[in-house]
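Notebook open, model loaded. I want to go through a few spots and write down what I find.

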Amino acid sequence: MTEIFATKKLKALYPKVKQFIEEELYPSELYLLTDPWSEVSQILDAKRKRAKELGLWAPYLPENEGGLGLSMTEFGQISELLGGTPLGHYVLNCQAPDIGNIELMHQFASKELKAKYLEPLMKGEIRSCFSMTEPEFAGSNPVNLGTTAVLEGDEFVINGHKWFTTAAEGATFAIVMAVTNPEADPYQRASMIIVPTDTPGFELTRNIPIMGDVGEGYLSHAEINYVDCRVPKSNLIGEMGSGFMLAQQRLGPGRIHHCMRWIGICERAFDMMCKRAATRELRDGKKLGHQQTIQNWIAESRAEINAARFMVLHAAHKMDQEGSKAARMEISTIKFFVADVLMKVLDRAIQVHGALGITDDTLLSFWYRHERGARIYDGPDEVHKSSLAKAILKGYGI
Ligand SMILES: Cc1cc2nc3c(=O)[nH]c(=O)nc-3n(C[C@H](O)[C@H](O)[C@H](O)COP(=O)(O)OP(=O)(O)OC[C@H]3O[C@@H](n4cnc5c(N)ncnc54)[C@H](O)[C@@H]3O)c2cc1C
């Protein structure tokens with residue numbers, strides 16, 4: 001917890017969440033990543049029940065929706081704690097992509113959609129996914145979409161090919177981004193539509209292997225064909241053609257959530273690196289940590305993680321005070337900066353562990369495999385750097 005950003009509420013909650021994840025998740029985290037999802041999800045359901053009993057459920061949701069009503073700055077610090085273990089966010093129902101879908105639907109879905117889909121999602125009774133990226137089009141340019149949703153009477157007929165729909169296996173519904181207004185300005189062509197995954201024509205073709213790991217259930221990324229999927233017109237979220245605006249709304253807070261989770265991973269990897277450096281003996285009395293190179297990695301990692309945390313909390317604070325739009329540049333900055341720190345810290349931690357670092361006997365290899373995507377999803381590094389530089393250069397007249 002960072003003292004200058006610590007409120008009374010956060011100070012009371014923080015130790016409880018810390019104790020909960022250390023007792024409930026740390027001891028079993030390696031098995032939870034490798035055992036079949038059908039068994040793991042049952043274990044996690046029991047832990048979710050416990051989290052609810054302890055009053056830790058969904059910290060980001062308003063209190064009248066069953067959450068704890070934390071600000072972004074407060075939640076960011078809880079998110080860091082949860083990020084220290086791979087299923088921390090899941091157990092408190094603040095895991096991506098559900099948290100993004102919840103925030104989006106909370107703001108823009110109709111009463112009917114909220115009752116049918118949002119309520120059970122907030123209670124953790126169902127899961128959801130977000131289906132926007134397509135293999136045939138560059139996802140970095142979100143106006144590039146081949147999926148269409150054509151109105152026929154009171155129904156949308158959806159056709160398209162998506163991939164990297166995270167956590168689609170076992171989800172109850174997908175929020176699908178599809179072109180509904182092909183003649184409109186590029187930023188007003190697409191809409192977001194809820195498609196239940198049991199709709200005829202929703203075809204989950206495969207889970208895509210990530211560096212050799214195909215994943216399962218919540219821990220998977222699906223390729224999906226939408227073939228003449230018919231859903232009621234009332235499954236539209238917001239207005240026709242508002243998909244791009246909604247995607248922007250969804251991504252702002254989402255990027256802060258990811259960054260704080262990554263700092264949690266960094267802290268855990270850093271702790272593992274230091275423990276290994278302090279215990280692994282090269283020869284009598286000479287530990288790895290006595291080597292200057294290792295000391296450099298430890299010092300550089302400490303400085304980078306501290307810097308990353310302050311930058312993220314500053315962005316979260318700006319978002320709390322002035323909204324997502326005002327904090328756009330701060331969010332772009334942390335997205336590429338923290339992803340880079342994450343890569344460096346994980347790599348150093350693996351190197352210090354030697355061969356052990358690339359086995360699945362520690363968490364490092366899971367994170368190395370699955371977090372490489374951090375530099376790609378929610379906007380690749382290059383796009384964020386370019387946006388930031390353009391905004392800066394505007395002040396210099398270009
Ligand atoms: C782990 C993971 C989970 C994901 N989950 C989801 C999900 O749940 N739902 C979903 O819809 N999508 C998801 N995605 C997809 C993600 O949003 C896209 O991968 C991302 O938008 C980039 O699109 P692309 O892969 O098509 O890369 P491309 O757009 O083809 O870009 C390839 C590369 O080109 C470079 N590049 C792109 N634009 C520029 C530019 N303007 N300037 C300079 N260089 C540039 C970057 O280096 C980039 O990495 C996920 C991706 C990953 C890796």
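**Entry 1: Leu54**

Which residues is Leu54 in contact with, leaving aside its neighbours within four places in sequence? I looked it up and got Lys16 and Phe20. Note to self before going on: this is a predicted model. Leu54 sits in the loop between α3 (37–53) and α4 (72–83). I count Leu54 as partly exposed because it has 13 C-beta neighbours inside 10 Å. I also checked Leu54 against Asn235, 181 residues apart along the chain, and their C-alpha atoms are separated by 35 Å.

**Entry 2: Ala58**

I stayed in the loop between α3 and α4, where Ala58 also lies. Its phi is positive, near 45°, and Ala58 is not a glycine. As a reminder, most residues other than glycine have a negative phi. Is Ala58 buried or exposed? Ala58 has 24 C-beta neighbours inside 10 Å, so I put it down as buried.

**Entry 3: Thr73**

Next I moved to Thr73, in helix α4. Thr73 is buried, because 24 other C-beta atoms lie within 10 Å. Beyond neighbours within four places in sequence, I have Thr73 in contact with Phe5, Leu313, Ala316, His317 and Asp320. I then took the C-alpha to C-alpha distance from Thr73 to His314: 8.1 Å in space, with their positions 241 residues apart in sequence.

**Entry 4: the core**

How many residues does the largest nonpolar core have? It has 108, and Ile193, Val312 and Val338 are those with the most contacts inside it. I picked Val312 and listed its contacts, skipping neighbours within four places in sequence. The list runs to Gly76, Ile256, Cys259, Met260, Ile263, Ile334 and Val338.

**Entry 5: Pro97, then α6 against α7**

I checked the peptide bond from Ala96 to Pro97 and found it cis, with omega near 0°. Most peptide bonds are trans, which is why I wrote this one down. Pro97 is in the loop between α5 (88–91) and α6.

From there I went on to α6 (residues 98–108) and α7 (residues 111–122). Their axes come within 10 Å and cross at roughly 145°. The crossing of α6 past α7 is left-handed. On the α6 side the contact is made by Asp98, Asn101, Ile102, Met105 and His106. On the α7 side I have Leu113, Lys114, Tyr117, Leu118, Leu121 and Met122. Sorted by class, that gives 7 nonpolar, 2 polar and 2 charged residues.

**Entry 6: α11 and what covers it**

Which residues of α11 (residues 364–371) are buried? I get Leu364, Ser365 and Trp367. They are on the same side of α11, because they cover an arc of only 165° around the axis. I looked for what covers these buried residues, and the cover includes α8 (243–279) and α10 (328–353).

I took α8 with α11 as the pair to follow up. The axes of α8 and α11 come within 11 Å, crossing at roughly 145°, and the crossing is left-handed. Ile265, Ala269 and Met272 of α8 meet Leu364, Trp367 and Glu371 of α11. By class, the residues of this contact are 5 nonpolar, no polar and 1 charged. Two of the buried α11 residues turn up again here, Leu364 and Trp367.

**Entry 7: Lys344**

For α10 I looked at one residue, Lys344, which is in that helix. Lys344 has 16 C-beta neighbours inside 10 Å, so it counts as partly exposed. I tried Lys344 against Pro253, 91 residues apart in sequence, and got 24 Å from C-alpha to C-alpha.

**Entry 8: Asp378**

Last stop: what is the phi of Asp378? It is positive, about 55°, and Asp378 is not a glycine. I place Asp378 in the loop between α11 and α12 (381–394). Asp378 counts as buried because it has 21 C-beta neighbours inside 10 Å, and the cut-off for that is 20 or more. I filed Asp378 beside Ala58, since Asp378 has a positive phi and Ala58 has one too.

Methods: Residues numbered from 1 in each chain as written. Predicted model: local features only at pLDDT ≥ 70, side-chain atom pairs only at ≥ 80, totals over all residues. Buried ≥ 20, exposed ≤ 12 C-beta atoms within 10 Å, placed from the backbone. Helix = DSSP H or I, 4+ residues; strand = E, 2+ residues; numbered from the N terminus. Arc of directions from axis to C-beta. Contact = placed C-beta atoms within 7 Å. Core = buried A, V, L, I, M, F, W, Y, C linked by C-beta atoms within 7 Å. Axes fitted to C-alpha atoms, helices over the stretch in contact; angles between N-to-C directions. Left-handed = near helix turned anticlockwise from the far one by under 90°. Nonpolar A, V, L, I, M, F, W, Y, C, P; charged D, E, K, R; others polar.
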